[in-house]
Every structure is written in structure tokens, then in C-alpha cells.
Amino acid sequence: MSLWNPDADHPLHVRIEDASGDPEADLGAGIELLGAVRNGEAPATLRIYRPDPTLAFGQRDVRLAGYPLAVARSLEHGFAPVVRKAGGRAAAYHRGTVIVDHVEPADEAMMGHQHRFKALGALYADALRRGGIDARVGEIAGEYCAGEFSVHGMPGTASRTRNAVKLVGTAQRVVSGAWLFSSVFVIADSTPIRALLDDVYRAMGIPMDPATVGAADDLLPGYTTEAFIDDLLAEYAQHAELAGA
């Protein structure tokens with residue numbers, strides 16, 4: 001029985017990958033995995049990787065008049081522009097972030113849609129708290145790719161910032177027979193992400209406060225992606241049987 005799926009009776013297979021050098025292919029691999037799980041060709045999977053510099057636009061972004069300029073700004077900053085199939089607005093990734101694609105089969109995948117946002121948002125905040133970060137679930141005013149169940153972190157005495165910063169953005173895609181819960185965790189090196197998102201959101205005419213863009217190591221200097229992955233898997237292991245970890 002798992003926190004996010006009380007009816008689950010299967011293990012969650014952990015797959016830690018390296019970035020391929022093709023950000024669009026890496027993003028698309030999550031959708032391919034969703035299809036494989038739906039068709040019974042792959043087990044329930046937790047896919048984890050650190051991406052190459054990528055700016056992932058949401059479906060709504062491409063319809064904005066400022067989208068072509070935003071694409072140009074992304075390229076100027078050295079981030080590959082791609083469009084994701086899951087929801088939300090533009091989000092930036094690089095090697096200081098961790099992408100988690102959590103994919104499971106489900107007979108009635110849509111029925112647990114809202115519950116997964118709540119349950120996995122709480123799990124992700126707990127994982128960051130394992131590392132010593134005061135992480136909380138909820139949107140902060142002015143955040144990029146705003147979401148009710150995103151995760152933010154509060155500053156402490158050793159922090160390099162004095163305000164709350166967004167640390168985790170989540171999105172979900174549901175198909176008949178399976179679901180994909182995809183999340184980006186910003187762990188280190190927030191400066192290039194902040195500069196890029198400020199330019200891109202300005203180009204698209206979407207209000208965003210760049211002060212809300214941060215990383216876990218802004219709150220806890222020295223925290224690394226490797227330490228976070230360990231904390232994340234330890235937290236998952238409290239709620240599910242992990243295989244291949």
C-alpha cells in the first residue's frame with residue numbers, strides 16, 4: 001500500500017539515468033514510459049535523472065504572442081527550448097536540478113488525480129526536510145509555473161536568501177490505464193535559472209517575481225543533487241516497496 005495509491009500492490013522500480021545530450025528526447029522518454037506502463041510492457045517506475053540545460057514550455061505558452069521571443073531568449077541563455085505534454089507554464093532545468101518521472105498503472109487513473117498532487121507534494125517536502133531544509137507545500141506569491149501543490153523552502157540562519165523560494169514544480173499526465181507524475185527539483189546553482197526565467201516570463205508577458213526562483217542550496221549551502229536523491233529514495237521507501245534502488 002502506497003501513500004499516493006492505497007490500492008497498489010506492486011513494487012516501484014527505480015531507474016537512475018544519465019542525460020542523453022538530447023533534452024527533447026529526455027523529456028519525451030517520460031511519455032514513452034507512460035505508454036509502456038499502460039501497455040504492460042514496463043513496471044511501475046520511478047525514473048530519475050539530472051537534465052542538460054532545458055527550458056520546458058507548457059502547452060499554453062506556445063499560444064502567446066511572446067512565445068517566439070521567449071524561445072530566442074532561451075537559446076541566448078544556452079537552454080534548449082522544448083514543449084512538454086504535461087501541464088503548467090515554463091520551467092527551467094539544468095544539471096543542478098533533478099527530474100523525477102513517477103509512472104504507475106491504474107485502472108481508473110483519473111480518479112486519483114487530485115490526491116496524487118497532495119500526497120506526492122507532501123512526500124517531496126518530507127524528502128527535502130530529511131536533508132535539513134524547511135520545505136512546505138503550497139504556492140508562494142509570484143512564483144513561476146505556479147501550482148497549488150508546488151513545494152517551497154523557507155530560509156534559515158545560514159541561507160543565502162532571506163525569502164521563500166520555489167524548489168519543486170509538479171505536473172501530471174493521465175491516460176487510460178496509467179499516469180505520469182513528473183516533477184523538477186531545483187537543488188543547486190539557481191543563478192542561471194533565475195536569469196533565464198526572468199527574461200522568458202517578461203517576453204511572454206506573464207507576471208513572475210524572480211526573487212521566488214531559488215535552489216535548495218540557497219537555503220542550505222552545500223546540499224547536492226546526490227544527497228537529495230538519497231533523501232528522496234529514503235522517503236519513498238517509507239511508503240512503497242522499491243526495486244532496483
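This is a short talk about helix H3, strand S10 and the aromatic rings and nonpolar core around them, in a predicted model.

Okay, let's start with H3. The helix has 18 residues and spans 26 Å from its first C-alpha to its last, which is close to the 26 Å expected at 1.5 Å a residue. Just after H3 comes Gly-132, with a positive phi near 100°.

Which residues of H3 are buried? Here they are: Arg-116, Phe-117, Ala-119, Leu-120, Gly-121, Leu-123, Tyr-124, Ala-125, Ala-127 and Leu-128. And what do these buried residues pack against? You get strands S6 (97-105), S7 (134-137), S8 (151-154), S9 (165-175) and S10, plus helix H6.

Now the core. Nonpolar side chains tend to be buried together in soluble globular proteins. In this model the largest nonpolar core has 38 residues, and Tyr-124, Leu-128, Phe-228 and Leu-232 have the most contacts inside it. Quite a few elements chip in at least two residues each: S1 (12-17), S2 (45-49), S6, H3, S9, S10, H5 (216-219) and H6. H3 gives the most, with eight residues.

Take Leu-128 as a close-up. If you skip its neighbours within four places in sequence, Leu-128 still touches Ile-133, Ala-135, Val-151, Leu-167, Val-168, Ile-187, Tyr-223 and Phe-228. There's also a second, separate core of 30 residues, with Leu-27, Leu-55, Ala-92 and Leu-196 among its members.

On to the rings. How many aromatic pairs does the structure hold? Seven. I'll show you two of them.

Phe-117 and Phe-181 sit edge-to-face, 5.3 Å centre to centre with 65° between the planes. Why care about that one? Phe-117 is in H3 (residues 113-130) and Phe-181 is in S10 (residues 178-186), so this pair ties together parts that are 64 residues apart in sequence. Both of these Phe residues are buried.

The other pair is Tyr-124 with Tyr-236, which is tilted: 6.2 Å between centres and 55° between planes. Tyr-124 belongs to H3 and Tyr-236 to H6 (residues 225-236), so here the ring pair ties together parts 112 residues apart in sequence. Again, both Tyr-124 and Tyr-236 are buried.

Zoom out a bit, and ring pairs link Phe-117, Tyr-124, Phe-149, Phe-181, Phe-185, Phe-228 and Tyr-236 into a cluster. One more ring to mention: Tyr-144 has Lys-166 lying over its face, at 4.9 Å from the ring centre.

Last stop, S10. Is this strand mostly covered or mostly open? Mostly covered, with nine of its nine residues buried. Side chains in a regular strand alternate between the two faces of the sheet. In S10, Ala-178, Leu-180, Ser-182, Val-184 and Val-186 point one way, while Trp-179, Phe-181, Ser-183 and Phe-185 point the other, and all are buried.

And the partners? S6 and S10 run antiparallel and are joined by nine bridges, with Asp-101 standing opposite Ser-182. S9 and S10 are antiparallel too, joined by eight bridges, and there Arg-173 stands opposite Leu-180. S9 and S10 make a hairpin with two residues between them, and Gly-177 in the turn has a positive phi of about 100°.

So, to wrap up: H3 gives the most residues to the largest core, and the Phe-117 and Phe-181 pair ties H3 to S10.

Notes
Residues are numbered from 1 along each chain as its sequence is written. This is a predicted model: local features need pLDDT of at least 70, side-chain atom pairs count only at pLDDT 80 or more; totals for chains, interfaces and linings use all residues. Side-chain values use heavy atoms; hydrogens and water are left out. Rings of Phe, Tyr and Trp (its six-membered ring) pair if their centres lie within 6.5 Å; planes under 30 degrees apart count as stacked, over 60 as edge-to-face and the rest as tilted. Helices (H or I, at least four residues) and strands (E, at least two) are DSSP runs, numbered from the N terminus. Buried means under 20% relative accessible area, exposed over 50%, partly exposed in between (1.4 Å probe, protein chains only). A charge sits over a ring if NZ of Lys or CZ of Arg is within 6 Å of the ring centre and within 35 degrees of the ring normal. The expected span of a helix is 1.5 Å times one less than its number of residues. Contact means heavy atoms within 4.5 Å. A nonpolar core is a set of buried Ala, Val, Leu, Ile, Met, Phe, Trp, Tyr and Cys residues joined through side-chain atoms within 4.5 Å. Two strands pair if DSSP finds at least two bridges between them.
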